[in-house]
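Subject: Structure for your review

Dear colleague,

I am passing on the structure we spoke about, and I would be grateful if you could open it before reading my notes. The sequence and the coordinates come first, and my notes come after them.

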Amino acid sequence: MKPTFGRLVPALALVALSAVLPSPARADGEPPPPLEWKPCSQGPDDAVGRELDQAGARCAELAVPLDHSRPGGRTITLGLSRLPATDRAHRIGTMVLNSGGPGEPTLGMPLQVRAAMKDVAARYDLIGLDPRFVGRSTPLDCGWPIGMFIRSAGATRARFDHQAAVQRDLAERCARRHGDVLPYANTRDTARDIDLVRRVLGERRISFLGYSYGAYLGAVYTQMFPGRTDRVVLDSAGDPRTWGPLALRGTEDETERALRGWAAWAAGRHGTYGLGGTPGRVLATVNAIAAAAEDRPLRVGPYEVDDQVVPYILSTGSGDDRPAARAQFSSTVRTLNEAAHGRPADPGPELDGQMRFVLTSEGSPFVSPTAAIACGDRAAPWDPDVYWNDVQRSRARHPLFGPLKNNIWPCAFWPGEPRERPTRIGNATPALIVSSTGDTATTYAGSKAMHRALTGSRLLTLRRTIAHGIYGEYGNACVDAKVNAYLATGVLPAGDPVCEP
């Protein structure tokens, strides 16, 4: 289950960074020092590091400027892994990876990408780069008492005002803990980091694969560093004009369609989940759960789930139409339905993990950089009345998801304005954009907007599918084959290809 607007998935734990920083890479033309590659595992509990080592990968740390305009100043550390090409005679080059989020660790991603690439993987060095302030890179944790900050506005102005106070507190905690580095948590500085990695690796050009927010990051890199990419794959790309604190707005229709699609699936399995024998009855059960949460918080094991959390759970859970995902979401709704009727409702392992991530401080290390990057990329309206009015307008048409998609974020109270204007994407870089028509997080319309902005791109469409993160993840052989053909040859399709589920 992908618990944020993109693909942020909590890892088991943050791994402590070395206290000794390597010599910094420089952006001023000075030759960068070579990386010192070491085993990736940092202890018996480091499952990702152990898997990387077993696969033949090695890891390193790279010190980069906190402020790229001052290359000789303060540095931060980036953690990266490299799974080297095994067919050196036919090596194509280096591919830098990003999992999205923003804020999702990427260090272990070469393992999954190698499996997706099949034989083509032998011709690439795969680089898992934890972006600045994420994972093994210098961390940014605001010490929040909750995890995921995305909440619904609730049913009343009083509930919205409570939520606004919570968001203000989250922003103030970040300012107190990390006010000195928050101006440098943004996509443009992350793109500059990537280019320093390119230089340190001795590559004239790099290939890039990014999912969700990672697709936006890849597009920003092509804009800031033209001519420095080889093969670019942007999976589940959103509209580059809307990334930032208002990124969820405009996704209400897709989310409602996904919920209706799941309801039809669940209705056919009423005997298993007991949610209703028709799609309409399943949706009535969902609405009753939301109404019960407005009256009182629902008790789910040790957690209390209120009307500001239930819509978020429903939104994220319905965004994947694979049978296993729908079965898991159906179990979640069944548990919520038990709680709504005042019966004992113990969460299974998946729901328990989501509750801990959303409701407790366990999620803070992972979503703090998510907020910092979103708020650092684009200024947000600062007046809570602006959000309340938008919530009320959206509520009439989208009573369940409108108050979620239009609600206030910590960005409304963020310290200072972004250091730079958002990057305007518009170039002819060759790229393959991959999108499903039912994506609820970065919509198909958003992918088409990215396609128009990157005039040299092709759009690979997976039709009649609800999915976010497709290549190598969803399991569509047509998509995987077309992406691998591009990665192998460097030749984009002649037109915009279409795959069927």
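Below I go through what was found, taking the helices first and then the loops.

Please keep in mind throughout that this is a predicted model.

I begin with helix H4, residues 187–200, whose end C-alpha atoms are 20 Å apart, in agreement with the 20 Å that its 14 residues should span at 1.5 Å a residue. Twelve of those 14 residues are buried, so H4 is largely enclosed by the rest of the structure. The buried set includes several charged residues, among them Asp 189, Arg 192, Asp 193, Asp 195 and Arg 198, alongside residues such as Ile 194, Leu 196 and Val 197. At the N-terminal end, H4 is capped by Asn 186, which places a side-chain oxygen 3.2 Å from the backbone nitrogen of Arg 188, while just after the helix Gly 202 takes a positive phi of about 75°.

Helix H10, residues 323–340, has 18 residues and reaches 25 Å from its first C-alpha to its last, which is close to the 26 Å expected at 1.5 Å a residue. Its buried residues include Arg 326, Phe 329, Val 333, Leu 336 and Asn 337, and the buried residues of H10 pack against helices H6, H7, H8, H9 and H11 as well as strand S7. Just after H10, Gly 342 takes a positive phi of about 75°.

Two of the helices that H10 packs against, H6 (252–267) and H8 (279–295), also meet each other, since their axes come within 8 Å and cross at roughly 115°. H6 and H8 are therefore roughly perpendicular to each other, and H6 passes H8 in a right-handed crossing. On the H6 side the contact is made by Leu 259, Arg 260, Trp 262, Ala 263, Ala 264, Ala 266 and Ala 267, and on the H8 side by Pro 279, Val 282, Leu 283 and Val 286.

Turning to the loops, the one between strand S4 (124–130) and helix H3 (157–178) holds Arg 136, and Phe 133 is found there too. Arg 136 counts as buried at 9% relative accessibility, and a polar atom of its side chain lies 2.8 Å from the backbone oxygen of Cys 40. Phe 133 also counts as buried, at 4% relative accessibility, and has a positive phi of about 75° although it is not a glycine.

Most residues other than glycine have a negative phi, and most peptide bonds are trans. Against that background, Lys 118, in the loop between H2 and S4, has a positive phi of about 55°, and at 56% relative accessibility Lys 118 counts as exposed. A cis peptide bond joins Gly 101 and Pro 102, with omega about -5°, and Pro 102 has its place in the loop between strand S3 (93–98) and helix H2 (109–117).

Finally, Phe 413 sits in the loop between helix H14 (402–405) and strand S9 (431–436) and is buried, with a relative accessible area of 15%. The C-alpha atoms of Phe 413 and Glu 172 are separated by 7.7 Å, although these residues are 241 residues apart along the chain. Leaving aside neighbours within four places in sequence, Phe 413 is in contact with Ala 164, Gln 167, Arg 168, Ala 171, Pro 384 and Ile 408.

With best wishes

Technical notes. Residues numbered from 1 in each chain as written. Predicted model: local features only at pLDDT ≥ 70, side-chain atom pairs only at ≥ 80, totals over all residues. Heavy atoms only, no water. Helix = DSSP H or I, 4+ residues; strand = E, 2+ residues; numbered from the N terminus. Expected span 1.5 Å × (residues − 1). Buried < 20%, exposed > 50% of the residue type's maximum accessible area, 1.4 Å probe, protein only. Contact = heavy atoms within 4.5 Å. Polar contact = N/O pair within 3.5 Å; in protein donor to acceptor, adjacent residues only side chain to side chain. Axes fitted to C-alpha atoms, helices over the stretch in contact; angles between N-to-C directions. Parallel < 35°, antiparallel > 145°, perpendicular 65-115°, else oblique. Left-handed = near helix turned anticlockwise from the far one by under 90°.
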